[in-house]
Amino acid sequence: MEAGMLLEISGLTSHYGRIQALKGIDVQVAEGELVALVGANGAGKTTLLRCISGVQGVTGGSIKFAGQDITKMSPEARVGLGISQSPEGRQVFGPMSVEDNLRLGAYRRHGPDIKADMDRMYEMFPILHKKRELPAGTLSGGQQQMLAIARALMANPRVLLLDEPSMGLAPLLVAEIFRTIQALKDGGMTIFLVEQNAYAALAIADRGYVLETGAVVLTDQGSRLLNDDKVKEAYLGL
Ligand SMILES: Nc1ncnc2c1ncn2[C@@H]1O[C@H](COP(=O)(O)OP(=O)(O)OP(=O)(O)O)[C@@H](O)[C@H]1O
């Protein structure tokens, strides 16, 4: 293992029946890094995240976390190791209060730390504090996205997996979500960010990967991918 490499994906393949969704993926995320995975609809982004969190079967290759092979580990055990995902489409529990949603994120943990972490979340997302007693379903789309991220953080993860956090949000809210992600990175969090919004994702990423029909076709520093002619043409509409 390279020094500081937290997540190491090698030659990963995954299938839906006879359809091969991932065709041998190599992706690494170092401790403290913000890595973006961009690609069009159906490229395999969600499938890769599902393989990392363990809810999708792998047909070949390996996933290592902090040097340990987790390829066959249960999703629960992976959460225990510190892999936490904020799923696509937010998926907060609508009838439950904001605070109960947060508490649910810490379901594997006990003790006074949980209260301290919740206070930290409220500090980071003041609007969640203001609305903590309201049903999560009454929040706006952007606020629900923040709640989903905060809930994932309540597991006290070593790596945060984000699946399309900007999906369905108005441009102002998109900017706010990406500022939040940047702030988390600045605070030392390791983040693997999957996005169709290639421009916003690569703009804040240390490094990026471009996925096309189940294969990584380009990888480089985020800023260099932003200036790559092929990326500009295919993903940024420039
Ligand atoms: N449940 C499924 N059964 C069969 N094929 C699937 C299933 N889910 C995804 N696929 C196929 O696997 C490929 C990768 O899909 P995936 O959802 O991972 O892409 P994506 O890049 O995340 O796209 P999106 O942005 O739409 O979520 C696509 O060709 C898709 O049609």
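The shell around the ligand consists of Y16, I19, A21, G39, N41, G42, A43, G44, K45, T46, T47 and Q196. The structure is a predicted model. Beyond the ligand shell, this briefing covers an open sheet of four strands and the contact of helix α3 with helix α6.

**Ligand shell**
- Strand β2 (19–30) and helix α1 (45–53) each contribute at least two residues to the shell around the ligand.
- Helix α1 provides the largest share, with three residues.
- By character, seven residues of the shell are polar, four are nonpolar and one is charged.

**Sheet and helix α1**
- The four strands of the open sheet follow the order β2-β1-β4-β5 and pair in antiparallel fashion.
- Strands β2 and β5 (68–69) form the edges, each pairing on one side only.
- Helix α1 packs on this sheet, where it touches β1 (5–16), β2 and β4. The direction of α1 makes about 65 degrees with that of β2.
- Strand β4 (residues 60–65) runs antiparallel to β5 and is joined to β5 by two bridges.
- Residue F65 has Q68, in β5, as its bridge partner.

**Helices α3 and α6**
- The axes of α3 (residues 98–105) and α6 (residues 141–153) cross at roughly 35 degrees and come within 7 Å.
- The crossing of α3 past α6 is right-handed.
- On the α3 side, the contact involves V98, N101, L102, L104 and G105; on the α6 side, the residues are L147, A150, R151 and A152.
- The residues of this contact comprise six nonpolar, two polar and one charged.

Key. Residues numbered from 1 in each chain as written. Predicted model: local features only at pLDDT ≥ 70, side-chain atom pairs only at ≥ 80, totals over all residues. Near = placed C-beta within 6 Å. Nonpolar A, V, L, I, M, F, W, Y, C, P; charged D, E, K, R; others polar. Pairing = 2+ DSSP bridges. Contact = placed C-beta atoms within 7 Å. Axes fitted to C-alpha atoms, helices over the stretch in contact; angles between N-to-C directions. Left-handed = near helix turned anticlockwise from the far one by under 90°.
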